[in-house]
Amino acid sequence: MKNDKLLYKIIFQYLKSDSQDMWKQGITLVSVAERTRGMKRENFITESRKTPITDEYDVLVAGGGTAGTIAALAAARNGARTLIIERHGHLGGSMINGAGPLHSFFNLYKAFPETGKIQVVRGIPDELIRRLTQAGGCMGHLEQEIGFEYDSVATIIDWEIYKHVIFNMMQESGVKLMLHTFVTDVIKEENSVKGVIVESKSGREAILAKTVVDCTGDADVAFRSGVECPNTYPDGHVGMPFGMTGVDIPKAAAYLEKQGVIYSMIHADKGSSYDNIVRMGFHLNKLPEFAEYMNKSGLWGPLTLARHENEFSFINTTNIKPLDAVDIHEITRAEIELRAQVMAMAELLRRHVPGFKNGYISWTPVHFGVRRSRIVSCDYDISIDDIVNARRFADEVAVYGFHDCAPRIIIKDGKYYGIPYRALLPKGVENLIVAGRLITSNWEAHMSTRNTVSCMAQGQAAGTAAALAAQNGKSPRDLDTEDLRTVLREQGVFLD
Ligand SMILES: Cc1cc2nc3c(=O)[nH]c(=O)nc-3n(C[C@H](O)[C@H](O)[C@H](O)COP(=O)(O)OP(=O)(O)OC[C@H]3O[C@@H](n4cnc5c(N)ncnc54)[C@H](O)[C@@H]3O)c2cc1C
């Protein structure tokens, strides 16, 4: 109890102060990032070592997250001997460690009924949802009741069931997994990628591949291959969602409704006799007890998911000043500062929102969430004009119909745009394809392409292309895009 009081004192000191001041005062820690910045970078050690080549694959997927898992399944199902390498002990990446509902398998049909309802992402991502639904890990695509000018549906998945189902799918498709393994470098001959260097408990290994797919989110492979990967830090590009259990959700909803702050809502049967709220968004900054803290820190929301009775599975309401999400000292600082915000927000909710009184934090992600870091310079860069004008491309390998800033930024008439194959091909390097949040340099355009369902659709295209390239002894850049699109269509991808 005494320790709790001390903790809250520190947290509320943090709330009141500018976080930079807190670092300077050294209340909790010395700012490591500040210290190392001053280190002289011209000091080096020289290493000479032999690294064993331990295996060789047709397709190697770096990063087993949202895009990478789908890429690996697509590659293996197209006959490639496929390896996926993931730094954590489970697959799924940000999709189960940051994202809430999966945005979006559909166009914005509820806001544009004249355009009609179109499921724009199908193929393997759709199969994943079916498998999760069969396993009790998804309630399908639920229609928004309030807030459908943002997204027509919310597709909500159970992350623990996902972790199990996706392993089964990998096994059935014959994908080889390397978990707890970090891709640290790239093997290159002239301008061709030939494989990667990995490090794990087993040590350092070289693994060769005919085609490499970079799905690391941070473009670790493309960057180390020498591709230009600008890294900019827009506000709101990192965050740490969290879960709270022991919450009387209907009671909280009744209070928030009375205050007039609810902006998103979905009800569904989640097996409870009194609680059927599965999605709720509320403007906490409109409540006087939260306004000062939220306005000062630039926090918004929260948007929540409630998969189970009494459980707010996902509360998305932390923010930090823009930082370099691929600088290890900044990463360390973010973990500490964002965790303090999680503690503070949970305490504010307990104190001021009826229903939260007995709530406790039940979940935080394995890694704080990064919306954007390095962006790979590709043969084509999708622009915001392409997106809002629903532009279609002769070489498109996926289509997508959601924008995270809707209705402020909206795709014309609730339609959808194409993702050209060229947008997945890094400039100036061969045998490498990329997919996920690491494409699209313009921030407003990125606010569409980076979303989970887009990343999955890109993943299927990238994995299929990688397999075809490996089989035909070609670099992905030399593939016939019509052949690729034919295979994708045959395998359920919607390109109409
Ligand atoms: C706070 C937050 C909220 C969000 N909310 C939503 C939402 O509600 N709906 C939505 O659709 N999208 C949302 N997003 C966006 C979405 O989650 C991501 O953009 C998307 O999941 C990224 O997919 P990805 O495959 O590119 O990367 P990830 O899914 O992050 O996959 C990258 C994988 O690579 C692994 N990896 C990284 N580097 C290495 C390495 N060197 N070696 C080995 N493995 C490595 C990682 O561990 C990870 O598993 C949110 C993002 C954040 C941060």
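In the predicted model, six strands form an open sheet of 6 strands in the order E11-E12-E13-E14-E10-E15, and the pairing is antiparallel. Strand E11 (262–267) and strand E15 (360–363) occupy the edges; each has a single partner strand, so one side of each lacks a neighbour in the sheet. From one strand to the next, the twist averages 25°.

Within this sheet, strand E10 (residues 242–245) and strand E14 (residues 311–316) run antiparallel and are joined by 3 bridges. Phe242 is placed opposite Ile315 in E14. Helix H8 (residues 249–258) lies across E11, E14 and strand E12 (277–282), and runs at about 35° to E12.

The ligand is surrounded by 35 residues, of which Thr66, Glu86, Ser94, Arg450 and Thr452 are the closest. By class, the shell around the ligand comprises 11 nonpolar, 18 polar and 6 charged residues. At least two residues of this shell come from each of helix H4 (66–77), strand E6 (182–189), strand E16 (369–370) and helix H13 (452–472).

Polar contacts to the ligand involve both backbone and side-chain atoms of the protein. A polar backbone atom of Gly100 lies 3.0 Å from an oxygen atom of the ligand. In the side chain of Thr452, an N or O atom is 2.6 Å from an oxygen atom of the ligand. For Asp220, the distance between a polar side-chain atom and a nitrogen atom of the ligand is 2.7 Å. The ligand taken alone exposes 1000 Å², and the protein buries 97% of that area.

Definitions and conventions. Residues numbered from 1 in each chain as written. Predicted model: local features only at pLDDT ≥ 70, side-chain atom pairs only at ≥ 80, totals over all residues. Heavy atoms only, no water. Pairing = 2+ DSSP bridges. Helix = DSSP H or I, 4+ residues; strand = E, 2+ residues; numbered from the N terminus. Axes fitted to C-alpha atoms, helices over the stretch in contact; angles between N-to-C directions. Contact = heavy atoms within 4.5 Å. Near = heavy atom within 4 Å. Polar contact = N/O pair within 3.5 Å; in protein donor to acceptor, adjacent residues only side chain to side chain. Areas by Shrake-Rupley, 256 points an atom, 1.4 Å probe, with all protein chains shown as cover. Nonpolar A, V, L, I, M, F, W, Y, C, P; charged D, E, K, R; others polar.
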